[in-house]
Amino acid sequence: MADHAQSPSEQGTRRDFLFLTAASVTAFGAASAVWPFVSSMNPSKDVLALSSIEVDVGQVAEGQAITVKWRGKPVFIRHRTADEIALAVKDDAADMKDPQKDEVRAQKPKYLVMVGVCTHLGCVPLGQKDAEPKGEFGGWYCPCHGSQYDTSGRIRKGPAPINLEVPAYQYLSDTVVKIG
């Protein structure tokens, strides 16, 4: 009879191979089981679609303002007149709670893009329509507590602590703005 016994070094090699194979299958199985849970935490396609919007401002007449919705918030876009731009630049030197130059707030001086939510208590200021009050500074007026913003959306009077927020935006062309 031939002795079919393996040497201890051959047994160790076989044992190592079986251990590594079992460990690999177990790791793959665990990763396959965990992946759906991790993947479910990613934002859905409809949420990603709302993360940015494109707006053609070419149809907005000088002196006119429009409101679009982005991430559930109103965004004010105003095509400012030469007088509004001049007033905003002149007011750069005024004493303000939250000083910010107009050139920082508007990438192109004729278009001002801001989130239309009062920075005091989250109200929506008036001033987008011609018939609405614009306050002493010709911009926006929040009637809830009297905050007044100038033609650059900077807080000038009232309890609001900071200027109206300027969202991240870029111009895709001369008239198309991508917000977000």
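Which residue in β4 is the bridge partner of Ile-77? I looked it up: the partner is Val-113.

**Entry 1: confidence**

This is a predicted model, so I checked the confidence before anything else. The protein has a mean pLDDT of 88, with 91% of its residues at 70 or more. Strand β4, residues 111-115, scores highest with a mean of 95. At the bottom is helix α2, residues 45-50, with a mean of 67. Note to self: where pLDDT is low, the predicted coordinates should not be read in detail.

**Entry 2: the sheet around β3**

Back to Ile-77 and its partner. Strand β3 spans residues 73-79 and is joined to β4 by 5 bridges, with the two running antiparallel. I then asked which strands make up the open sheet here. There are 3, in the order β2-β3-β4, and the pairing is antiparallel. β2 (65-70) and β4 are the edge strands; each has a single partner, so one side of each has no neighbour in the sheet. From one strand to the next the twist averages 20°.

**Entry 3: cores**

Next I listed the nonpolar cores. The largest holds 14 residues, and Ile-77 turns up among those with the most contacts inside it, together with Val-55, Val-68, Val-75 and Ile-179. At least two residues each come from β1 (53-56), β2, β3, β4, β8 (169-171) and β9 (176-179). Which strand gives the most? That is β4, with 3 residues.

I pulled the contacts of Ile-77 too, skipping residues up to four places away in sequence. The list includes Val-55, Val-68 and Ile-179, as well as Gln-64, Gln-128 and the bridge partner Val-113. Leu-112 is also on the list of residues that Ile-77 touches. Another core lies apart from the largest one; it has 12 residues, among them Leu-112, Met-114, Trp-140 and Leu-164.

**Entry 4: aromatic pairs**

I ran the ring search and the count came to 2 aromatic pairs. Phe-76 and Trp-140 have ring centres 6.1 Å apart and planes at 15°, so this pair is stacked. Why does the pair count as a tie between parts apart in sequence? Phe-76 is in strand β3 and Trp-140 in strand β5 (residues 138-142), so the parts that the pair ties together are 64 residues apart in sequence. Phe-76 and Trp-140 are both buried.

The other pair is Tyr-169 with Tyr-171. Their centres are 6.0 Å apart and their planes stand at 75°, so I logged the pair as edge-to-face. Tyr-169 and Tyr-171 are both buried as well.

**Entry 5: β5, β6, β7**

Then I followed the chain from β5 onwards. β5 and β6 run antiparallel, joined by 4 bridges. One bridge pairs Cys-142 with Ser-147 in β6. The two strands form a hairpin with 4 residues between them, and Gly-146 in its turn has a positive phi of about 90°.

β6 is joined in turn to strand β7 (residues 155-157) by 2 bridges, again antiparallel. β6 and β7 also form a hairpin with 4 residues between them; here Gly-153 in the turn has a positive phi of about 80°.

Which way do the side chains of β6 point? Ser-147 and Tyr-149 go one way, Gln-148 and Asp-150 the other way, and all are buried. That fits the textbook picture: in a regular strand the side chains alternate between the two faces of the sheet.

I stopped at Gln-148, which lies in β6 (residues 147-150). Is Gln-148 buried or exposed? Its relative accessible area is 8%, so it falls under the 20% cut-off and is buried. Its bridge partner in β7 is Lys-157. Beyond four places in sequence, the contacts of Gln-148 include Gly-135, Phe-137, Trp-140, Tyr-141 and Arg-156.

**Entry 6: the β6-β7 loop**

Last stop was Thr-151, in the loop between β6 and β7. Thr-151 is buried, with a relative accessible area of 2%. Its partners beyond four places in sequence include Arg-80, Glu-84, Leu-87, Leu-112 and Trp-140. For Thr-151 and Arg-80, I noted a C-alpha to C-alpha separation of 8.1 Å and a gap of 71 residues in sequence.

I also checked Ser-152 against Lys-90. They are 62 residues apart in sequence and 11 Å apart in space, C-alpha to C-alpha. Lys-90 is in helix α3 (residues 82-90). Unlike the buried Thr-151, Lys-90 is exposed, with a relative accessible area of 60%.

Key. Residues numbered from 1 in each chain as written. Heavy atoms only, no water. pLDDT = per-residue confidence, 0-100. Buried < 20%, exposed > 50% of the residue type's maximum accessible area, 1.4 Å probe, protein only. Contact = heavy atoms within 4.5 Å. Pairing = 2+ DSSP bridges. Axes fitted to C-alpha atoms, helices over the stretch in contact; angles between N-to-C directions. Core = buried A, V, L, I, M, F, W, Y, C linked by side-chain atoms within 4.5 Å. Phe/Tyr/Trp six-rings, centres within 6.5 Å; stacked < 30°, edge-to-face > 60°.
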